[in-house]
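Load the model in your viewer and keep the sequence panel open beside it. The stops below are given as selections, each with a note on what is there.

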Amino acid sequence: MKTVELNIDGMTCGHCARLVEMALQSVPGTEDVQVNLDEGRASLEAAQEVEVSQLLGAVEKAGYRGSPVAGASGGTPQGPGS
Ligand SMILES: [Cu+2]
């Protein structure tokens with residue numbers, strides 16, 4: 001397993017956080033999904049074969065925008081999503 005951290009844009013309330021959490025949990029191979037609404041962050045444990053792009057795709061399908069946190073699990077570093 002590897003720890004993956006994502007920045008999540010667009011969450012405004014606990015309901016949003018819950019939707020993002022469920023979206024991430026729906027990706028096969030993920031565990032321990034935790035979404036922090038205040039920080040706009042999600043962290044989870046993922047099997048090695050889980051691609052960050054799969055996770056981002058699931059977040060997008062739920063209606064939010066995710067980006068890898070620079071430095072975590074070899075994701076492509078990106079600028080701040082302002
Ligand atoms: Cu909401």
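Select V4 to begin: is V4 buried or exposed? The model is a predicted one, and in it V4 is buried, because 23 other C-beta atoms lie within 10 Å and the threshold for a buried residue is 20 or more. V4 belongs to strand 1. Add E51 to the selection: E51 is 47 residues from V4 along the chain, and their C-alpha atoms are separated by 9.8 Å.

**Whole chain**

Now switch to a cartoon view. The chain has 2 helices and 4 strands, arranged along the sequence as β-α-β-β-α-β. Of its 82 residues, 24% are buried. Among contacts with a separation of 6 or more, 57% are between residues 24 or more positions apart.

**The sheet**

Select the strands. The 4 strands make an open sheet in the order 2-3-1-4, with antiparallel pairing. Strand 2 and strand 4 are the edge strands, each pairing on one side only. From one strand to the next, the twist averages 25 degrees.

Go through the pairings in turn:

- Strand 1 and strand 3 run antiparallel and are joined by 6 bridges. Pick T3 here to find E45 of strand 3 opposite.
- Strand 2 and strand 3, also antiparallel, are joined by 5 bridges. Select Q34, whose bridge partner in strand 3 is S43.
- Strand 1 and strand 4 are antiparallel too, with 4 bridges between them. Here D9 stands opposite R65 in strand 4.

Stay with strand 2 and strand 3, which form a hairpin with 4 residues between them. Select G40 in the turn, where phi is positive at about 65 degrees. Then move to D32, which lies in strand 2. D32 is not a glycine, yet its phi is positive, near 60 degrees. D32 counts as exposed because it has 12 C-beta neighbours inside 10 Å.

At the other edge, select strand 4. Its covered face holds G66 and P68, while R65 and S67 are on the uncovered one. In a regular strand, side chains alternate between the two faces of the sheet.

Continue to V69, in the segment after strand 4. V69 is partly exposed, with 18 other C-beta atoms within 10 Å. Select I8 as well: V69 and I8 are 61 residues apart along the chain, with 9.6 Å between their C-alpha atoms.

**The helices on the sheet**

Select helix 1, residues 14-25. Helix 1 lies across strand 1, strand 2 and strand 3, and runs at about 160 degrees to strand 2. Helix 2 also packs on the sheet, touching strand 1 and strand 4, and its direction makes about 160 degrees with that of strand 4.

Next, isolate helix 2, residues 52-61, and colour V52, L55 and V59, which are buried. Look down the axis of helix 2: the buried residues fall within an arc of 60 degrees, so they line one face of the helix. Turn to the face pointing away from the buried side to find the exposed residues S53 and K61.

What covers the buried residues of helix 2? Show strand 1, helix 1 and strand 4, which are included in that cover. Before leaving this part of the chain, check G63, which follows helix 2 and has a positive phi near 105 degrees.

**The core**

The last stop is the largest nonpolar core, which has 17 residues. Select I8, V20, L24, A42 and V59, the residues with the most contacts inside this core. Strand 1, helix 1, strand 2, strand 3 and helix 2 each give two or more residues to the core. Which element gives the most? Helix 1 does, with 4 residues.

Finish by centring the view on V59. Leaving aside residues up to four places away in sequence, V59 touches I8, V20, A23, L24, Y64 and G66. Two of the names in that selection lead back to earlier stops: I8 was paired with V69 at a C-alpha separation of 9.6 Å, and G66 is on the covered face of strand 4.

Key: Residues numbered from 1 in each chain as written. Predicted model: local features only at pLDDT ≥ 70, side-chain atom pairs only at ≥ 80, totals over all residues. Arc of directions from axis to C-beta. Contact = placed C-beta atoms within 7 Å. Pairing = 2+ DSSP bridges. Core = buried A, V, L, I, M, F, W, Y, C linked by C-beta atoms within 7 Å. Axes fitted to C-alpha atoms, helices over the stretch in contact; angles between N-to-C directions.
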